[in-house]
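Hi,

Here is the structure I said I would pass on. Have a look at it first, and my notes follow below.

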Amino acid sequence: FRLKPRGTHAVSVCLGTACFVKGADRVLSAVESELGISLGETTQDGRVTLVVEEECLAACCGAPMMVVDGHYHEGLDVEKLNAILDGLE
């Protein structure tokens, strides 16, 4: 159950073993920095919610990865990550 409304977009960063080994902690830090929020929070404009960390999103061969509104984004680095987040309306 959600006790708070979610933003227009939901972002989940995988922190499973394969993603973590490939730098998911850096991806999560970059997401938090880019959005100015922490896990479980929503941006002030209600645009994006950073969903509480995921243990595994089942895309280990594409690590590190995240899911945005149900769409998988694999092989992330900061440049790709920022492009994805900047593209959210």
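**What I found**

Of the contacts in the chain with a separation of 6 or more, 56% are between residues 24 or more positions apart. Keep in mind that this is a predicted model.

Some overall numbers to start with. The chain has 3 helices and 4 strands, and from the N terminus on they come in the order β-α-α-β-β-β-α. The radius of gyration is 12 Å, close to the 12 Å the globule rule gives for 89 residues, so the chain is as compact as a globular protein of that length. If you prefer box dimensions, the C-alpha trace spans about 35 × 30 × 20 Å along its principal axes. Buried residues account for 42% of the 89. The chain exposes about 5,400 Å², with carbon and sulfur atoms supplying 51% of that area.

Now the helices, beginning with α2. This one covers residues 24-35, and its length checks out: 12 residues at 1.5 Å each should span 16 Å, and the end C-alpha atoms are indeed 16 Å apart. Which residues of α2 are buried? They are Ala24, Val27, Leu28, Ala30, Val31 and Leu35. These residues cover an arc of only 160 degrees around the axis, which puts them on the same side of α2. The general background will be familiar: an α-helix has 3.6 residues a turn, so residues three or four places apart point the same way.

What do the buried residues of α2 pack against? Their partners are β1 (9-13), α1 (17-21), β2 (48-50), β3 (66-68) and α3 (78-86). The face turned away from that buried side carries Arg26 and Ser33, both exposed. Right after α2 comes Gly36, which has a positive phi, near 75 degrees.

The helix α3 can be read in a similar way. Leu81, Ile84 and Leu85 are its buried residues. They cover an arc of only 95 degrees around the axis, which places them on the same side of α3. The cover over these buried residues includes β1, α2, β3 and β4 (71-73). Over on the other side of α3, you will find Glu79, Ala83 and Asp86 exposed. If you want to see the two helices together, note that α3 is on the list of elements the buried residues of α2 pack against, and α2 is in turn part of what covers the buried residues of α3.

Next, the stretch around Gly46. A search of the whole structure turns up 1 salt bridge. It joins Asp45 to Arg47, and the closest N and O atoms are 3.6 Å apart. Are the two partners buried or exposed? Asp45 counts as exposed because its relative accessibility is 57%, over the 50% cut-off. Arg47, with a relative accessible area of 22%, is partly exposed.

Gly46 itself lies in the loop between α2 and β2. Its relative accessible area is 26%, so Gly46 is partly exposed. Leaving aside residues up to four places away in sequence, Gly46 touches Gly7 and Thr8. As for Gly16, which is 30 residues from Gly46 along the chain, the C-alpha atoms of the two are separated by 27 Å.

Last, some backbone details in the loops that you may want to check by eye:

- The peptide bond from Ala63 to Pro64 is cis, with omega near -10 degrees. Pro64 sits in the loop between β2 and β3.
- Ala58 is not a glycine, yet has a positive phi of about 65 degrees. Ala58 is also in the loop between β2 and β3, and counts as exposed at 65% relative accessibility.
- Asp69 is another residue other than glycine with a positive phi, here near 50 degrees. Asp69 lies in the loop between β3 and β4 and is partly exposed, at 36% relative accessibility.

That is what I have for now. Let me know what you think once you have had a look.

Cheers

Terms used
Residues are numbered from 1 along each chain as its sequence is written. This is a predicted model: local features need pLDDT of at least 70, side-chain atom pairs count only at pLDDT 80 or more; totals for chains, interfaces and linings use all residues. Side-chain values use heavy atoms; hydrogens and water are left out. The expected span of a helix is 1.5 Å times one less than its number of residues. Buried means under 20% relative accessible area, exposed over 50%, partly exposed in between (1.4 Å probe, protein chains only). The arc is that of the directions from the helix axis to the C-beta atoms. Contact means heavy atoms within 4.5 Å. A salt bridge is a side-chain nitrogen of Lys or Arg within 4 Å of a carboxyl oxygen of Asp or Glu. The radius of gyration is taken over C-alpha atoms; the globule rule is 2.2 Å times the number of residues to the power 0.38. Accessible areas come from the Shrake-Rupley method with a 1.4 Å probe; for residues, only the protein chains shown count as cover.
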